[in-house]
Amino acid sequence: MDIEGRLSGQILAMADCEDSRVEALRARVGRFQVQLRPEDTWERLMHLFGSRWKAEAGTQDNKEDFSYLVGTFTLLSPTVSDWPKILETIKASELLAGVGISRFEMKTSGTRKHRSVDLVTIAVAIHGRPSVSNP
């Protein structure tokens with residue numbers, strides 16, 4: 001038996017490399033590939049957040065089978081009436097294929113008794129296909 005065949009046999013004999021586990025992993029990878037973002041995801045997010053938000057796309061990291069982009073959306077001086085829309089926008093963003101919220105940040109100022117929210121920043125992580133160009 002050649003060395004490759006022997007190594008393959010040893011790998012298959014390991015508990016974590018049973019056929020059912022390998023097939024489950026292949027299925028998981030397949031589902032991940034289906035969930036990769038379409039080309040216009042960044043534009044969809046910009047439309048979803050709206051013109052009041054400042055959008056900044058980071059650099060896109062291209063790997064062999066997928067790309068990864070982190071972008072941020074910042075809203076200055078949100079009011080109490082903005083919060084339902086902010087929460088709705090976060091929920092809607094997470095429903096887009098390949099999109100996840102990677103960070104949520106609020107900066108406040110004022111005293112203990114009288115605080116105000118100065119800005120809200122939401123970072124989104126976007127997984128896509130490697131052929132997708134940087135926004």
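This report describes a four-stranded sheet, the helices that pack on it and a nonpolar core.

The model is predicted, so local features need pLDDT of at least 70 and side-chain atom pairs count only at pLDDT 80 or more, while totals for chains, interfaces and linings use all residues. Residues are numbered from 1 along each chain as its sequence is written, and side-chain values use heavy atoms, with hydrogens and water left out.

**The sheet**

Helices (H or I, at least four residues) and strands (E, at least two) are DSSP runs, numbered from the N terminus. Two strands count as paired if DSSP finds at least two bridges between them. Four strands make an open, antiparallel sheet in the order β1-β2-β4-β3. At its edges are β1 (54–62) and β3 (99–110), each of which pairs on one side only. From one strand to the next the twist averages 15 degrees.

β1 and β2 (residues 67–76) run antiparallel and are joined by seven bridges. A hairpin of four residues connects β1 to β2. Across this pair, A55 stands opposite F73 in β2, and Q60 has L69 in β2 as its bridge partner.

**The helices on the sheet**

Contact here means heavy atoms within 4.5 Å. Angles run from 0 to 180 degrees between N-to-C directions, with axes as lines fitted to C-alpha atoms, for helices over the stretch in contact.

| Helix | Strands touched | Angle |
|---|---|---|
| α3 (residues 41–49) | β1, β2, β3 and β4 (115–128) | about 15 degrees to β2 |
| α4 (residues 83–94) | β2, β3 and β4 | about 160 degrees with β3 |

A residue is buried under 20% relative accessible area, exposed over 50% and partly exposed in between (1.4 Å probe, protein chains only). In α3 the buried residues are T41, W42, L45 and F49. They lie on the same side of α3 because they cover an arc of only 100 degrees around the axis, the arc being that of the directions from the helix axis to the C-beta atoms. These buried residues of α3 pack against β1, β2, α4, β3 and β4. Just after α3, G50 has a positive phi of about 95 degrees.

**The core**

A nonpolar core is a set of buried Ala, Val, Leu, Ile, Met, Phe, Trp, Tyr and Cys residues joined through side-chain atoms within 4.5 Å. The largest has 14 residues, of which W42, L45, W53, F73, I122, V124 and I126 touch the most other members. At least two residues of this core come from each of α3, β2, α4 and β4. β4 gives the most, with four residues.
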